[in-house]
Amino acid sequence: MGVYESLLELIGDRERVSQNETVLEHHSKGIAYHAPRQPDVVVFPKTAEEVSRVLAFANEHRIPVTPFGAGTSLEGHVIPVEGGISLDMTQMNHIVDIRSDDFLAIVEPGVTRLQLNQALKPYGLFFPVDPGADATIGGMAATNASGTNSVKYGVMRDHVLGLDVVLADGSVIQTGSLAVKSSAGYHLTGLFVGSEGTLGIFTRLIVRLHGIPEATTAIKACFPTLEAAAQAAFAVLKAGVEPGKIELVDEATIAAVNAYKKTDYPVKPTLFIELSGSRASVDDGTELVKELCESEGAVSFVVETDSLARAKLWEARHHAAFAIQAAYPGKAMLSTDVCVPLSELPGAIADTRRLVNEQNMTAAIFGHVGDGNYHTVLAFDPNDAEEMARIEQVHAHIVRYALSRGGTCTGEHGIGIGKRTFLREEKGDAVGWMKRLKQLFDPNGILNPGKIFLP
């Protein structure tokens, strides 16, 4: 019996085991430049028991298994580089329980960020981790995602209290608990979060929730130079304002957003800032932010308190990556993801802008500057080997600049395929111990092979 037939027997539903060419193609890629690779078959489990059966079968027959969520990853995590099974978790999309008095929700991995927040509204709660795309909670945990709210609320690892995980041999373990803290043994939850599907497959997650603030204000401040905008962001953070979001977007990104969203924002380096909390604290914070931005030469300062106006403003920021793609049709995109100590941020951004200008490259710079994480999106022709080599050189320079200042090659995207080269440079001998953990949990190497580590 072949692999397809065996999986069909395990799942018992022809609609959820597919070799349809369109389905295979959809599961062959993420949304970045990495070369696609089709799986041999796609399986859509609905229960943890089905996941367990699939993994036990795959482990016995040494068949690679690559988990797949919304497909929004930027580092090729979902590409089945060795073929095998693409395990699409999107039909495991139930919100199991909302424990509002405990500020917790229990969800299946295919629940999306927007789906969860819609369900939380009647309780006056929200889940704050916001990578921009409507990613699945399981995928966000797998990459330790963060995004625009991380400066105030933290990253995905701060919000996952417990997991149900199916291991490579089909066995199931539970990590963590409903308690907000624990000193019981090794922190396995923290180990699995960010493991990119290489150690196990999540089937249930316990996530932390937060109360919706009384008041929220969005601010858009424009500056004459990118460096001035970066300095203003640093000044706001140093002043102790504690913004909920603080995002930097350069001129190229603003121009792309205007074309994509039919907006008319000034084509200037811009800070998007959100303050939330009590009305008094937000009003006081807004005045202080205005003073700090003006001291750095802000040429405009717009405040939005209306919820629809705020949503429109943040939609423009969230759609920046898609706007850049639309601005350069036919081009592939490489997005850097370095994160540096806050004091190093203005210098890092200035160095990146200098470099891309010297190379005469098409580039847009934006990011979550409140935590030192910024992205440089480089557009290029993937069929032009010389241009590709130049892009990789620029990428390497940006990463090594960050590493030399005590930073990291990836603040939120993960390693996947795209950043494997830099892991050894950043982590040194610790990589050997990471590989030992991988061998311990997945001795036959079936779970998302080809990711995180170079061969």
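**Entry 1: a buried pair**

I started with Lys438 and Asp442, and both turn out to be buried. Their side chains meet in a salt bridge, with N to O at 2.7 Å. Note to self: this is a predicted model, so I read everything below as computed from it.

**Entry 2: the other salt bridges**

How many salt bridges does the structure hold? I get 15. The general idea is simple enough: side chains of opposite charge can pair when their charged atoms come close.

Next I pulled up Glu75 and Lys419, whose closest N and O atoms are 2.4 Å apart in a salt bridge. Where do the two sit? Glu75 is in the loop between strand E3 (65–68) and strand E4 (85–88), while Lys419 is in the loop between helix H14 (385–404) and helix H15 (420–427). The partners are 344 residues apart in sequence, so this pair ties together distant parts of the chain. I checked accessibility too: Glu75 has 2% relative accessibility and Lys419 has 1%. Buried means under 20%, so Glu75 counts as buried, and so does Lys419.

Then a local case: Arg354 bridges to Asp351, closest N and O atoms 2.8 Å apart. Both belong to helix H13 (residues 345–358), and being 3 residues apart puts about one helical turn between them. Is each partner buried or exposed? Arg354 is partly exposed at 35% relative accessible area, whereas Asp351 is buried at 13%.

I also found a network of salt bridges linking Asp13, Arg16 and Glu50.

**Entry 3: H9 against H12**

I looked at how helix H9 (residues 251–261) meets helix H12 (residues 320–327). Their axes come within 8 Å and cross at roughly 80°. Angles of 65 to 115 degrees count as roughly perpendicular, so that is the label for H9 and H12. Who touches whom? On the H9 side I listed Thr253, Ala256, Val257 and Tyr260. On the H12 side I have Ala320, Phe322, Ala323, Ile324, Ala326 and Ala327. By class, the contact has 9 nonpolar residues, 1 polar and no charged ones.

**Entry 4: a record lookup**

I checked UniProt, where an unreviewed entry lists residues 35–212 as "domain: FAD-binding PCMH-type". In the model that span is 21% helix and 25% strand. Its end C-alpha atoms lie 41 Å apart.

**Entry 5: around Val303**

Val303 sits in strand E15 (residues 300–304). At 37% relative accessibility I logged Val303 as partly exposed. What does Val303 contact, leaving aside neighbours within four places in sequence? I got Thr217, Ala218, Ile219 and Thr286. I also took the C-alpha to C-alpha distance from Val303 to Ile273: 9.4 Å, for residues 30 apart in sequence.

**Entry 6: positive phi without glycine**

Two residues caught my eye here. Asn360 is not a glycine, yet its phi is positive at about 55°. Asn360 lies in the loop between H13 and strand E17 (363–368). Its relative accessibility is 72%, so I put Asn360 down as exposed.

Ile452 has a positive phi as well, about 75°, and is not a glycine either. I found Ile452 in the segment after helix H16 (430–441). Buried or exposed? Ile452 is buried, with a relative accessible area of 10%.

Methods: Residues are numbered from 1 along each chain as its sequence is written. This is a predicted model: local features need pLDDT of at least 70, side-chain atom pairs count only at pLDDT 80 or more; totals for chains, interfaces and linings use all residues. Side-chain values use heavy atoms; hydrogens and water are left out. A salt bridge is a side-chain nitrogen of Lys or Arg within 4 Å of a carboxyl oxygen of Asp or Glu. Helices (H or I, at least four residues) and strands (E, at least two) are DSSP runs, numbered from the N terminus. Buried means under 20% relative accessible area, exposed over 50%, partly exposed in between (1.4 Å probe, protein chains only). Axes are lines fitted to C-alpha atoms, for helices over the stretch in contact, and angles run from 0 to 180 degrees between N-to-C directions. Angles under 35 degrees count as roughly parallel, over 145 as roughly antiparallel, 65 to 115 as roughly perpendicular and the rest as oblique. Contact means heavy atoms within 4.5 Å. Ala, Val, Leu, Ile, Met, Phe, Trp, Tyr, Cys and Pro count as nonpolar, Asp, Glu, Lys and Arg as charged, and the others, Gly among them, as polar. UniProt positions are given in the numbering used here, feature names are shortened, and annotations may be inferred rather than shown by experiment.
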